[in-house]
Amino acid sequence: MDELAPYISGTTLASKAHALLEQQKRAWEMLRNGYDTLRTVRTRVFDFDGYQIKVQFNPGRLISTVAKVDAASIKGRKCFLCTENLPPAQRAILCDGGYMVLCNPFPIFPEHFTISSVHHTPQLIHDSFASLLNLTRDLGARYTVLYNGPKCGASAPEPLALPGRRAVIPAN
């Protein structure tokens with residue numbers, strides 16, 4: 001937490017997450033490059049029947065979205081969310097008894113986090129509802145918490161290889 005001290009402006013999990021992002025943008029080149037690619041994002045809005053859909057073309061996510069997800073590729077790589085496999089510059093904030101907030105190096109939004117189990121566990125939502133609700137409460141009005149699992153469109157959908165993940169995005 002000492003590394004985050006210059007960036008923290010409050011005591012909430014949301015303020016700590018924001019501080020983590022600011023610190024990581026300065027200290028972790030891969031994350032900084034990922035956020036730089038947000039300038040290349042193109043969006044388009046479709047209006048119909050009183051609804052609006054906003055689509056995004058984000059070339060910076062290509063490496064993530066085209067990852068090989070066949071059984072042999074999954075078996076041949078280490079879990080990128082397990083603590084022992086995190087890049088040396090990547091930092092995390094522990095939260096809700098067994099989860100960690102990580103900055104997503106392939107962002108879709110100006111503030112994009114991944115919340116992962118600190119244990120290598122199956123990526124299943126049914127065991128995570130209480131934690132999901134606690135994280136939603138703790139992240140307050142600043143962020144929206146959503147589950148992005150293997151059958152929800154996650155770009156790395158290994159159902160038994162990745163810890164349960166929750167994407168955290170700005171509420172606005």
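1. In this predicted model, helix α5 spans residues 129–139, and its buried residues are S131, L132, L135 and L139. These four residues lie on the same side of α5, because they cover an arc of only 100 degrees around the axis.

2. The opposite aspect of α5 also deserves attention. The exposed residues A130, L133 and R137 are carried on the face turned away from the buried side of the helix. Leucine thus has a place in both sets: L132, L135 and L139 are buried, whereas L133 is exposed.

3. After α5 comes G140, and the phi of this residue is positive, near 60 degrees.

4. Helix α2 (residues 29–36) may be described in a similar manner. The buried residues here are L31, G34 and Y35. Their arc around the axis is only 95 degrees, which puts them on the same side of α2. As for the partners of this buried set, L31, G34 and Y35 belong to the group that packs against α1 (13–27) and β4 (99–103).

5. Strand β4 leads on to β5. The two strands run antiparallel and are joined by five bridges. Within this pairing, M100 stands opposite S116 of β5. Strand β4 (99–103) is therefore to be read in two settings: the buried residues of α2 pack against it, and β5 is its antiparallel partner.

6. Strand β5 covers residues 113–117, and five of its five residues are buried, so the strand is largely enclosed by the rest of the structure. Burial here applies to both faces. On one side are F113, I115 and S117, and on the other are T114 and S116. The residue facing M100 across the bridges, S116, accordingly belongs with T114 among these buried positions.

7. Turning to the overall architecture, the protein chain contains five helices and seven strands. Read from the N terminus, the order of elements is α-α-β-β-α-α-β-β-β-α-β-β.

8. Some totals for the chain complete the description. Of the 172 residues in the protein chain, 38% are buried. Among contacts with a separation of 6 or more, 58% are made by residues 24 or more positions apart. The protein chain exposes about 10,000 Å², of which carbon and sulfur atoms supply 58%.

Notes. Residues numbered from 1 in each chain as written. Predicted model: local features only at pLDDT ≥ 70, side-chain atom pairs only at ≥ 80, totals over all residues. Heavy atoms only, no water. Buried < 20%, exposed > 50% of the residue type's maximum accessible area, 1.4 Å probe, protein only. Arc of directions from axis to C-beta. Contact = heavy atoms within 4.5 Å. Areas by Shrake-Rupley, 256 points an atom, 1.4 Å probe, with all protein chains shown as cover. Pairing = 2+ DSSP bridges.
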